[in-house]
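Visitor: I have the sequence and the model open and would like to go through a few points. Please give the cut-offs as the terms come up.

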Amino acid sequence: MKLKTAILLGAGLASALSCASTFSADVFSGYTLLKQETKEMQDDDFMNQGMETVVKGAALFSAMGKNGKSCTTCHGEGGKKLDPKRIAQYPVLDTNTKRPITLQQRILNMWAEQVGNGPLKYESADAVALETFVRNLARGQVVNVQIDGAMAPFYEEGKKLFEKRVGQLNMACNLCHDDHAGELLRAQVLSQGQTNGFPTYRLASSSVIGTQTRINQCYKSVRAEEQPYGSEAFTLMELYMNGRGNGLKIETPAVRF
Amino acid sequence: MRRMLLILTTVFASLPIVAAADDAPPIEAYQQWTAKGHAIQEPLGGLKGDVARGRKLSIDSAKGNCLACHRLPIPEEEFHGELGPSLVKIGKKYDEGKMRLRIVNIQELLPSSLMPPMYMNPAELTEVAKKFHGHTVLTAQEVEDVVAYLMTLK
C-alpha cells in the first residue's frame, strides 16, 4: 500500500508538472469486470432487459408528432439513415451554440422543434428510451469523441469537474475511477466509470438509466448535492467521460450492477 | 502539508447544540482540533471513546463505514473492501494521536487520499447535500469511539 501510494503521488506530481490532460491509464469497459452470468445477460438480446427500452424508444421514434411527422420522416425507418459513426462521436460541438451538446439533448431538441411534441424532460423515461434506441444503432462502433481543437477547452472543464472534491465525503470521481478501478468497494468492483454502455440497464434499480442519472447516484453516495439534468456542468462531465473512453466499443444497452 | 505543521488554536468550546431545519438531526458544534507531528494528541472535546460502539460504527454504512474500503477482524460481516490498507493490526502501527488524525482527516497528511475525512470542518466542504449541511461524517464522540476500537486491533 505504501509503495502504491508513493507511485500514485509520483504520478500525480508528474501529471501536474507536465500538464498532461488525457486519462493515461489503459481504458477498459466495465464489461470486463462483470460476472460471467451478467456478461451472458448483456450479450443475449432476449435476456438483456435493456432491450425493452430499445423497443420502447423505437416506438417513440416512429410515433407521429403534432407537426405531422415523426423521427422516421427524416431519419428513415428504424433510424436507418442515421450514421452510427456520427452517433459514436457524441457529445459533439453544436454548430449554433458553439458549445458541446449531448446525444440526449440533441434528441430532446429535435423532439420539441421538428416533431413538435413539446418538451420532454431530460432523463425522463421517454427521453432515456429515445436515447437508448438511437445509441443502440451504434452498438459495436468505437467511441470517437472530439477532444482537441474547439472541443479541448470544454473537455478540460469536464475533467476539472470529474476531479473536483464534492460532498460531505469530500470525494472526486477520479479518486476511485482513475486510481482504483478493479478493486473492491465492499462487495462491488469499482469500474473506470466508462460511459460506453450508456444508457445502461442497472440490475440494482431494474431500469435503464442515462449517464447523468448515474453521476447523480454517485453524488448521492458521497453526500453531494445532486445536479440538475441537462445542466452545463453535466454536459461537460458527460463530454469528458465519453472522451476519456475513446476507443471503447459502444455496448448500449449494457447490463451493469 | 504546511497546514499540518501549524499549531492550531485548540478551542474545545462548549457551545450549545444548534437545532437544524426539517427532520435533520441537531447540528453539533464543530470542535477545532490541533494537528502536530502527524497526530492529534488530545481527544476531540476531551471525550472518552467506547470500544464496542466504535466497532459498530466501523460496520455501519451510514456512519464510519470502514468496511467499505478496509479489512477488519469482523468475521460476521461479508465483503470487506480493499481500496485502503488492512486495519486488522492497525493498533500496532499507530499510537492514539496518529490514529485520531488519520480518522479525522487523512488529507492533512496525504492531500491526494480518497479516504473521506470523518471530521472535517463542514464550512470547508463544497456542494454538500442539504440534509448533511453543517454535519461532520462522525460526531466528536463517534470519532473517539472509532479511535478506541481501532487501538484494540493488535
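Visitor: What span should helix α7 of chain A have at 1.5 Å a residue?

Guide: This is a predicted model, in which local features need pLDDT of at least 70, side-chain atom pairs count only at pLDDT 80 or more, and totals for chains, interfaces and linings use all residues. Residues are numbered from 1 along each chain as its sequence is written, while chains are lettered from A and ligands numbered from 1 in the order in which they are written. Helices (H or I, at least four residues) and strands (E, at least two) are DSSP runs numbered from the N terminus, and the expected span of a helix is 1.5 Å times one less than its number of residues. Helix α7(A) has twelve residues, 125-136, and its end C-alpha atoms lie 16 Å apart, which agrees with the expected 16 Å.

Visitor: Is α7(A) mostly covered or mostly open, and how many of its residues are buried?

Guide: A residue is buried if 20 or more other C-beta atoms lie within 10 Å of its own, exposed if 12 or fewer, and partly exposed in between, with C-beta atoms placed from the backbone. The buried residues of α7(A) include A:Glu131 and A:Arg135 as well as A:Leu130 and A:Phe133. Their cover includes α3 (51-62), α5 (84-87), α6 (103-113) and β6 (207-209) of chain A. The helix is mostly covered, and the buried count is ten of twelve.

Visitor: How are α10(A) and α11(A) oriented to each other?

Guide: Axes are lines fitted to C-alpha atoms, for helices over the stretch in contact, and angles run from 0 to 180 degrees between N-to-C directions. Helix α10 (residues 211-221) and helix α11 (residues 232-244) of chain A pack at about 100 degrees, with axes 10 Å apart. Angles of 65 to 115 degrees count as roughly perpendicular, under 35 as roughly parallel, over 145 as roughly antiparallel and the rest as oblique. Therefore α10(A) is, relative to α11(A), roughly perpendicular.

Visitor: Which element gives the most to the side of chain A that touches chain B?

Guide: Two residues are in contact if their C-beta atoms, placed from the backbone, lie within 7 Å, and 22 residues of chain A are in contact with 23 of chain B. At least two residues each come from α1 (2-18), α9 (173-177) and β3 (184-185) of chain A. With four residues, the element that gives the most is α1(A).

Visitor: What share of chain B is buried?

Guide: Chain B has five helices and zero strands. Of its 154 residues, the buried share is 34%.
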